[in-house]
Amino acid sequence: MSDWLVPYLVFNGNCEEAVNFYQAALGGESQIMHFSDAPPNPAFPIPEQAKNLVIHAELRKNGHVIRFSDTFPGSPYTVGNNVSFSIEFDTTEETSKMFKALSVGGTIEMELQETFFSPLFSKFIDKFGITWMVSCKK
């Protein structure tokens, strides 16, 4: 694992503004990907109003990282519940093992599956109400 535990902040349509604010305040380098940058998937079409929203962003400085995104239109957004943790593993075996261990008794929001950005990815809320994203490096 390179980044053991990464905070993931979710915004309600103003993610790009937030990333630029934090970069100006904290320094570092940022990368921003919009929903329109993702490869098209006929099973999950991107609504027009979501295309300029941030699907994923990172701010990196001195070996530290913060990840960001906008919530998908129509998805619930609650200030105070908009922070989660992201863990990235080197192998699919490690990723599967951590998913199984952390999700016990929790609520799966996205089953562990291949995505365009990771060989395995899942999002879930553990039995204590903490939101996790586990993924495997490419």
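## A walk through the predicted model

Start by colouring the protein chain by pLDDT, the predictor's confidence in each residue from 0 to 100: the low point among the elements is strand β5 (residues 83-89) with a mean of 89, and the high point is strand β2 (residues 29-34) at 97. Strands here are DSSP runs of E with at least two residues, helices runs of H or I with at least four, both numbered from the N terminus. Over the protein chain the average pLDDT is 90, and 98% of the residues reach at least 70.

Some ground rules: this is a predicted model, where local features need pLDDT of at least 70 and side-chain atom pairs count only at pLDDT 80 or more, while totals for chains, interfaces and linings use all residues. Residues are numbered from 1 along each chain as its sequence is written, and side-chain values use heavy atoms, with hydrogens and water left out.

**Stop 1: the main core.** Select Leu9, Phe11, Cys15, Ala18, Val19, Val54, Ala57, Leu59 and Phe68; these nine residues form the largest nonpolar core. Such a core is a set of buried Ala, Val, Leu, Ile, Met, Phe, Trp, Tyr and Cys residues joined through side-chain atoms within 4.5 Å. Two or more residues each come from β1 (6-11), α1 (15-26) and β3. A second, separate core has six residues, among them Phe89, Phe124, Trp132 and Val134.

Now zoom in on cysteine 15. It is buried at 0% relative accessibility (buried is under 20% relative accessible area, exposed over 50%, partly exposed in between, with a 1.4 Å probe and protein chains only). Leaving out residues up to four places away in sequence, cysteine 15 touches Val54, Phe68, Ser69 and Asp70; contact means heavy atoms within 4.5 Å. Cysteine 136 is buried too, at 3%. How many disulfides does the structure hold? Zero, taking a disulfide as a pair of cysteine sulfur atoms within 2.5 Å.

**Stop 2: the rings.** Show the Phe, Tyr and Trp side chains. Rings pair if their centres lie within 6.5 Å (six-membered ring for Trp), with planes under 30 degrees apart called stacked, over 60 edge-to-face and the rest tilted. That gives eight aromatic pairs. In one of them, phenylalanine 21 and tyrosine 22 have ring centres 5.3 Å apart and planes at 70 degrees, so they sit edge-to-face. Phenylalanine 21 is exposed at 53%, and tyrosine 22 is partly exposed at 28%.

Next, pick phenylalanine 35 and phenylalanine 72: with centres 5.4 Å apart and planes at 65 degrees, this pair is edge-to-face. It joins distant parts of the chain, 37 residues apart, from the loop between β2 and β3 (54-61) to the loop between β4 (64-70) and β5. Phenylalanine 35 is buried at 7%, whereas phenylalanine 72 is partly exposed at 31%. For a cluster linked by ring pairs, select Phe11, Phe21, Tyr22 and Phe68.

**Stop 3: a buried glutamate.** Go to glutamate 58 in strand β3, buried with a relative accessible area of 12%. Which side chain does its own side chain meet in a polar contact? Arginine 67, at 2.8 Å. (A polar contact is a pair of N or O atoms within 3.5 Å; within protein, one must be able to donate a hydrogen and the other to accept it, and residues adjacent in sequence count only if both atoms are side-chain atoms.) Beyond four places in sequence, glutamate 58 touches Glu29, Ser30, Gln31, Val65, Ile66, Arg67 and Phe68.

**Last stop: a loop.** Asparagine 62 lies between β3 and β4 and is exposed at 66%. Add glycine 28: the two C-alpha atoms are 7.7 Å apart, with their positions 34 residues apart along the chain.
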